[in-house]
Amino acid sequence: MAENRIKVLGGGPAGIAAAFALNRNGPHPAGVEVLDAAPRLGGNSASFQIEDIWCDYGSHRFHPVADPHVLADVKALLGEDLLLQPRHGRIRLGGRWIHFPLKLADALMRLPKPFAASLVRDMVLGKFRKPREGDATFSSVLYDGLGPTISENFYFPYVKKLWGLDPDELAVTLAERRVSGSSVGKILGKMMRMLPGLRSPTTGRFYYPKKGFGQISETMAQAAADKGATFTLNTPISGIVREGDKVVAITTGQGDDAVRHDADLVMSTIPITALVRAITPAAPDEVLKAADAIRYRGMILIYLVLETDQFTEYDAHYFPELSTPISRMSEPKNYNSASTPRGTTLLCAELPCDPGEKWWDMTDAELGEAFCGWLGDLGLPVTMPVKSCETRRLRHAYPVYDLDYQANFDVMDRWVSGLDGVLNFGRQGLFAHDNTHHAYAMAYGAVECVNEDLSIDRKLWSERRAEFAKHVVED
């Protein structure tokens, strides 16, 4: 029996979950090896420590709406280390702080009266509002469903900040599939479900591990390794070898140091653009052209360490207004209710930004100073001493759903799907702006489609893909 004939590319949540699922009942007969270029597992869902505080790559939560099989596995793996925490955030709307997730009484009391009156008017007149003429666009879908108040004061500026594009430069599918509150009525319905007596035990709550969000991936990876999976880090993939329409091997290393690893099945969670470019003989020109046209949005994460036990009581602050460059700020100690270390807390700001923009080349100190300035402008002055500031720069934080993305993705997807011996999935592989629990579900679905002879059940995979397309992002 050949060893490790299944190669999983990428050691993020999807790759780890695939290895776990393949070895669930013991070592897989074909052998499973997960390869990643990074020095540690977890991808952007990993955790690390700064000043003895567990930090994530931005704000991460494990949501109770996860697929029941995924949730059951995570609960079993982490046991008492998986905490069920109350959501306690704030969002800046109309110059006021409103609780997030939205609470009906809080919104009515705190929203500026003109804003609240406009929102009520949109709700009353919504059923009489005529859809805009012409083809649907991102802005028209939101405008028709939510009305002008929420669209113009929240969604439009927020998406411009996140993706760096005006609303009408974004694909309509982003509004249809990625915005769960597609009408004022649905938003109010969510707010009503937050009321005592109407909410379930997990309403307004989230799961979070004691040692950071990355503890989920690390624990699952260890369970997979205990069952026989191999994890190989610091190993960039230099090529993917195909013979005709079948992928037969991967290569690592360059030039004289290149090593070929034969494989019966390659399960790829790396960006589909990277997958396409790595395959040799090269993909057709139209496929490579489509890969060049697909874009990902970058992000700078700014970690500000302060000499105080706690900066605010809130786990996260949301900033949709364009006057504030950052989109969200989290305080990690409030996610896992950590009481230590004493006298120190940390704030993490998420700054949507691409290489080449002015923020990208700033020093950590310059970004920390800017962060403090933004907080001061919002009425959250940093009055305690700043111990340090660190940053992390993510070039592929999430996909950009511009007007041409679907056509370009389809060109790549059709070609890759026509190759035997390779299956791409996960957030990066399917260009999906999904939550981590969705990535786990995609991995489980992919493993279901692997036959005993390591061929791929394409019909079943098509059905699973249709299910993935219905995923709604939780925030």
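The residues that line the largest cavity of this predicted model divide into six nonpolar, two polar and one charged. The lining is made up of Trp54, Cys55, Asp56, Gly58, Tyr208, Ser330, Pro332, Tyr335 and Cys348, and strand β4, which spans residues 53-56, supplies the largest share of it, with three residues. The space enclosed in this cavity comes to about 50 Å³, and the count of cavities of 30 Å³ or more is one.

Turning to charged pairs, side chains of opposite charge can pair when their charged atoms come close. The structure holds 20 salt bridges, among them one between Arg40 and Glu218, in which the closest N and O atoms are 2.9 Å apart. This pair links distant parts of the chain, given that Arg40 lies in the loop between β2 (32-35) and β3 (47-50) whereas Glu218 belongs to helix α9 (residues 214-226), with the two positions 178 residues apart in sequence. Arg40 is partly exposed, its relative accessible area being 33%, and Glu218, with a relative accessibility of 36%, likewise counts as partly exposed.

A salt bridge also joins the side chains of Asp402 and Arg295, with an N to O distance of 3.8 Å. Asp402 is found in the loop between β19 (386-399) and α13 (405-417), and Arg295 in the loop between α11 (285-293) and β15 (296-306), so that the pair ties together parts of the chain that are 107 residues apart in sequence. The burial of the two partners can be stated separately: Asp402 has a relative accessibility of 13% and counts as buried, because the cut-off for that class is under 20%, whereas Arg295, at 35%, counts as partly exposed.

Asp413 and Arg465 provide a further salt bridge between side chains, for which the N to O distance is 2.8 Å. Here the distant parts that are linked are both helical, Asp413 being located in helix α13 and Arg465 in helix α16 (residues 458-468), and the two residues are 52 positions apart. With a relative accessibility of 11%, Asp413 counts as buried. In addition to these pairs, Arg297, Asp354 and Glu357 are joined into one network by salt bridges that share partners.

Note on methods: Residues are numbered from 1 along each chain as its sequence is written. This is a predicted model: local features need pLDDT of at least 70, side-chain atom pairs count only at pLDDT 80 or more; totals for chains, interfaces and linings use all residues. Side-chain values use heavy atoms; hydrogens and water are left out. On a 1 Å grid over the protein atoms alone, a cavity is a set of points where a 1.4 Å probe fits but cannot get out, and a pocket is an open set with protein on both sides within 12 Å along at least five of seven lines; lining residues have an atom within 4 Å of a point. Grid points are joined across faces, edges and corners, and a volume is the space filled by probe spheres set on the points. Helices (H or I, at least four residues) and strands (E, at least two) are DSSP runs, numbered from the N terminus. Ala, Val, Leu, Ile, Met, Phe, Trp, Tyr, Cys and Pro count as nonpolar, Asp, Glu, Lys and Arg as charged, and the others, Gly among them, as polar. A salt bridge is a side-chain nitrogen of Lys or Arg within 4 Å of a carboxyl oxygen of Asp or Glu. Buried means under 20% relative accessible area, exposed over 50%, partly exposed in between (1.4 Å probe, protein chains only).
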